[in-house]
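Trainee: I'd like to get better at reading helices, packing and burial from a model. Could you walk me through one?

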Amino acid sequence: MTQTPSLSTAPATAAHVLSQRIKHTRIAQVMNELDTLIYDGSQDSILLVCGPTGVGKSTLARYLCDAATQKHAADMQTDAGMIPAVYIEAPVSGESQFSWRLFYQRILEQLEGNLAMPKANFGIDAETGRLVKPLGPTKNSLSALRTAVERALRARKTRFLVIDEAAHIIRQSRSNQLHVQLDTLKSLANLCGTQIVLVGSYDLYPLVSLSAQLARRTHVVHFERYRQDSDADSRAFKACVLKFQDALPELWGNQLLQHAEALLENTLGCVGTLSAVLTRAAKLAQQAGGWSDDALRRALLTEAQRRQILEEIMDGEAAINPSMTRAMPDAGKSVAQRQKRNVA
């Protein structure tokens with residue numbers, strides 16, 4: 001006979017909170033926009049999803065891939081080799097420069113399950129006319145790995161590739177190489193017909209200004225936090241707190257929701273941060289043998305942590321929000337007048 005675990009034996013219960021992927025209002029909004037923009041023949045080679053730390057970008061990325069799998073379930077039944085979406089995290093190798101080798105290997109792991117690429121018998125490649133000898137994951141050249149990725153994306157009919165923590169590409173690249181890094185991604189998207197979704201912090205946003213070509217082929221989606229000065233945002237955030245409360249009713253009962261406003265302020269409206277705070281609170285409460293306000297207080301961000309995160313959020317929002325303005329041309333003015341205004 002199964003027994004309900006007691007608080008003293010319930011570390012898995014707190015872990016259950018951490019495992020909760022809440023499809024809240026912000027995620028639904030961004031997913032709807034991305035779903036609209038991901039389609040065959042799109043000229044948006046790169047979709048840039050920017051937002052503050054802890055807002056739930058990784059949760060969004062995984063939801064996006066899960067939704068694509070569900071959407072194409074019938075096609076995947078017909079074509080067992082189809083993989084409509086691939087999720088990877090941009091690698092941090094410890095090297096001074098971004099490792100494209102490791103990046104391609106991670107994609108191939110998702111598409112093929114191993115790295116003995118390119119998958120061709122020893123002999124002449126029918127496409128290139130060159131001699132091909134698979135050497136294994138550690139000895140394949142960078143160009144061989146790139147070719148293998150291109151072939152695999154086309155063969156798997158992958159519609160989009162999600163690159164989480166994409167700011168790692170920037171932080172491991174010299175400023176004069178960023179253009180090359182983005183051109184490499186754009187080229188991969190164009191050759192394979194696979195749109196690339198870069199997900200990351202506000203550090204990503206300057207990438208659209210590297211060149212006119214990249215600006216034209218890139219679309220920016222702002223994944224915003226919930227704000228205290230918006231009634232709609234406060235209600236949506238409170239709904240998230242309620243979902244976490246319902247996930248552990250035997251621990252929190254109905255005592256968590258009353259702290260929703262304080263949690264909104266402490267976590268700066270970021271649901272990923274909320275999840276981390278509530279997971280700590282659950283573990284502390286379980287260790288103490290039951291819920292207490294003190295367990296929640298000890299789980300909150302310190303003021304020093306909160307100030308640092310808030311500073312980065314304010315800088316990011318200040319940079320992205322004015323630039324996200326999109327103005328319709330004034331139909332009452334001539335082309336020459338509009339051009340003059342734009343130059344001014």
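Mentor: Let's go from the whole chain to a few helices and then to single residues. Keep in mind that this is a predicted model.

Trainee: Fine. How many helices and strands does the chain have?

Mentor: The chain has 16 helices and 7 strands. Of its 344 residues, 46% count as buried. The exposed surface comes to about 18000 Å², and carbon and sulfur atoms supply 51% of that.

Trainee: And what share of the contacts joins residues at least 24 apart?

Mentor: Take the contacts between residues at least 6 apart in sequence: 75% of them join residues at least 24 apart.

Trainee: Now a single helix. Which residues of α8 are buried?

Mentor: Start with the general idea: an α-helix has 3.6 residues a turn, so residues three or four places apart point the same way. In α8, the buried residues are L178, Q181, L182, T184, L185, K186, L188, A189 and C192. The helix covers residues 178–192, and its 15 residues reach 22 Å from first C-alpha to last, close to the expected 21 Å.

Trainee: What comes after α8?

Mentor: G193 follows, and its phi is positive, near 65 degrees.

Trainee: C192 was on your buried list. What does C192 touch?

Mentor: Leaving out residues up to four places away in sequence, C192 touches E150, L153 and R154. Its C-alpha is 9.1 Å from that of A152, which is 40 residues away in sequence. C192 has a relative accessible area of 10%, so it counts as buried.

Trainee: Is there another helix I can practise on? Which residues of α5 are buried?

Mentor: In α5 they are W100, F103, Y104, Q105, I107, L108 and L111. This helix runs over residues 100–112; its 13 residues reach 18 Å, close to the 18 Å expected.

Trainee: What do the buried residues of α5 pack against?

Mentor: Their partners are β2 (85–89), α6 (142–155), β5 (160–164) and α8. That brings us back to the helix we began with.

Trainee: How should I describe two helices that pack together?

Mentor: Two packed helices are described by the angle between their axes and the distance between the axes. Here, try α10 (residues 231–247) and α12 (residues 260–267): their axes come within 10 Å and cross at roughly 105 degrees. α10 is therefore roughly perpendicular to α12.

Trainee: Which residues make that contact?

Mentor: From α10 there are S234, F237, K238 and V241, and from α12 there are A260, E261, L263, L264 and T267. By type, the residues of the contact of α10 with α12 divide into 5 nonpolar, 2 polar and 2 charged.

Trainee: Let me try a loop residue. Where is G253 found, and why does it count as partly exposed?

Mentor: G253 is in the loop between α11 (249–252) and α12. It counts as partly exposed because its relative accessibility is 28%. Not counting residues up to four places away in sequence, G253 touches Q245 and L248. Its C-alpha lies 8.8 Å from that of W291, 38 residues apart along the chain.

Trainee: One strand residue to finish: is T218 buried or exposed?

Mentor: T218, in strand β7 (residues 218–222), is at 14% relative accessibility, so it counts as buried. Beyond its neighbours within four places in sequence, T218 is in contact with I46, L48 and V208.

Definitions and conventions. Residues are numbered from 1 along each chain as its sequence is written. This is a predicted model: local features need pLDDT of at least 70, side-chain atom pairs count only at pLDDT 80 or more; totals for chains, interfaces and linings use all residues. Side-chain values use heavy atoms; hydrogens and water are left out. Helices (H or I, at least four residues) and strands (E, at least two) are DSSP runs, numbered from the N terminus. The expected span of a helix is 1.5 Å times one less than its number of residues. Buried means under 20% relative accessible area, exposed over 50%, partly exposed in between (1.4 Å probe, protein chains only). Contact means heavy atoms within 4.5 Å. Accessible areas come from the Shrake-Rupley method with a 1.4 Å probe; for residues, only the protein chains shown count as cover. Axes are lines fitted to C-alpha atoms, for helices over the stretch in contact, and angles run from 0 to 180 degrees between N-to-C directions. Angles under 35 degrees count as roughly parallel, over 145 as roughly antiparallel, 65 to 115 as roughly perpendicular and the rest as oblique. Ala, Val, Leu, Ile, Met, Phe, Trp, Tyr, Cys and Pro count as nonpolar, Asp, Glu, Lys and Arg as charged, and the others, Gly among them, as polar.
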